[in-house]
Amino acid sequence: MPRYEFRCRACGDTFEVNRPMAEAGAPADCPQGHADTVKLLSTVAVTGRGGGSAAGGTPVGPASGGGCCGGGCGC
């Protein structure tokens, strides 16, 4: 179940709430009892294979080519 982070405007406490995605926008009360809270934007980390290496054990490095889009367009 997704975890959402909120901050209480009254006391400044930051807290997390586990809830279904369908309820992501619903308000959440502060653990201290305050109702004036705001949902924070959270960062998401997406990782590939856990070991950081290719199938044969070769370390994975940055793609060659450089540039902002890999060097394919010549920018």
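Select Thr37 and show everything around it. Leaving out residues up to four places away in sequence, Thr37 touches Phe6, Arg7, Cys8, Arg9, Phe15, Ala28, Asp29 and Cys30. Keep in mind while looking that this is a predicted model. Thr37 sits in strand 3. Is Thr37 buried or exposed? Its relative accessible area is 17%, under the 20% cut-off, so Thr37 counts as buried. Next, draw the distance from the Thr37 side chain to the backbone oxygen of Ala28; it is 2.5 Å.

**The whole chain**

Zoom out and switch to a cartoon. The protein chain has three strands and zero helices, and from the N terminus on the elements run β-β-β. Colour by accessibility: of the 75 residues, 13% count as buried. The chain exposes about 5800 Å², and carbon and sulfur atoms supply 53% of that area. On a contact map, take the contacts with a separation of 6 or more; residues 24 or more positions apart account for 26% of them.

**Strand 1 and its two partners**

Select strand 1, residues 3-8. Show its side chains and look at the two faces. Tyr4, Phe6 and Cys8 make up the covered face of strand 1, while Arg3, Glu5 and Arg7 make up the uncovered one. In a regular strand, side chains alternate between the two faces of the sheet.

Add strand 2, residues 14-18. Strand 1 and strand 2 run antiparallel and are joined by five bridges. To find one of the pairings, pick Arg3 and look across to Asn18, its bridge partner in strand 2. The faces of strand 2 can be inspected in the same manner: Phe15 and Val17 are on the covered face, and Thr14, Glu16 and Asn18 are on the uncovered one.

Now follow the chain through the hairpin of strand 1 and strand 2. Five residues lie between the strands, and among them Gly12 takes a positive phi near 85°.

Add strand 3, residues 37-39. How many bridges join strand 3 to strand 1? There are three, and these two strands also run antiparallel. For a landmark, select Arg7, which stands opposite Val38 in strand 3.

**The nonpolar core**

Hide the cartoon and select Tyr4, Phe6, Cys8, Phe15, Val17, Ala24, Ala28 and Cys30. These eight residues form the largest nonpolar core. Strand 1 and strand 2 are the elements that give two or more residues to this core. Strand 1 supplies the largest share, three residues.

Centre on Tyr4, one of the core residues. Which residues does Tyr4 contact beyond its neighbours within four places in sequence? They are Phe15, Glu16, Val17, Arg19, Pro20, Met21, Ala24 and Lys39.

**The start of the chain**

Move to Pro2, in the segment before strand 1. Pro2 is partly exposed, with a relative accessible area of 28%. Not counting residues up to four places away in sequence, Pro2 touches Val17, Asn18, Arg19 and Met21. Draw a distance between the C-alpha atoms of Pro2 and Arg19: they are separated by 6.0 Å, although the residues are 17 apart along the chain.

**The charged pairs**

Finally, display the side chains of the charged residues. Side chains of opposite charge can pair when their charged atoms come close. A search of the whole structure finds two salt bridges.

For one of them, select Glu16 and Arg3. Their closest N and O atoms are 3.5 Å apart. The pair links distant parts of the chain, with Glu16 in strand 2 and Arg3 in strand 1, 13 residues apart. Arg3 is exposed, at a relative accessible area of 53%.

For the other, select Asp36 and Arg9, whose closest N and O atoms are 3.6 Å apart. Asp36 lies in the loop between strand 2 and strand 3, and Arg9 in the loop between strand 1 and strand 2, so this salt bridge ties together parts that are 27 residues apart in sequence. How do the two ends compare in accessibility? Asp36 counts as partly exposed at 39% relative accessibility, whereas Arg9 counts as exposed at 56%. Arg9 also appears in the contact list of Thr37, where the tour began.

Methods:
Residues numbered from 1 in each chain as written. Predicted model: local features only at pLDDT ≥ 70, side-chain atom pairs only at ≥ 80, totals over all residues. Heavy atoms only, no water. Salt bridge = Lys/Arg side-chain N within 4 Å of Asp/Glu carboxyl O. Helix = DSSP H or I, 4+ residues; strand = E, 2+ residues; numbered from the N terminus. Buried < 20%, exposed > 50% of the residue type's maximum accessible area, 1.4 Å probe, protein only. Core = buried A, V, L, I, M, F, W, Y, C linked by side-chain atoms within 4.5 Å. Contact = heavy atoms within 4.5 Å. Pairing = 2+ DSSP bridges. Polar contact = N/O pair within 3.5 Å; in protein donor to acceptor, adjacent residues only side chain to side chain. Areas by Shrake-Rupley, 256 points an atom, 1.4 Å probe, with all protein chains shown as cover.
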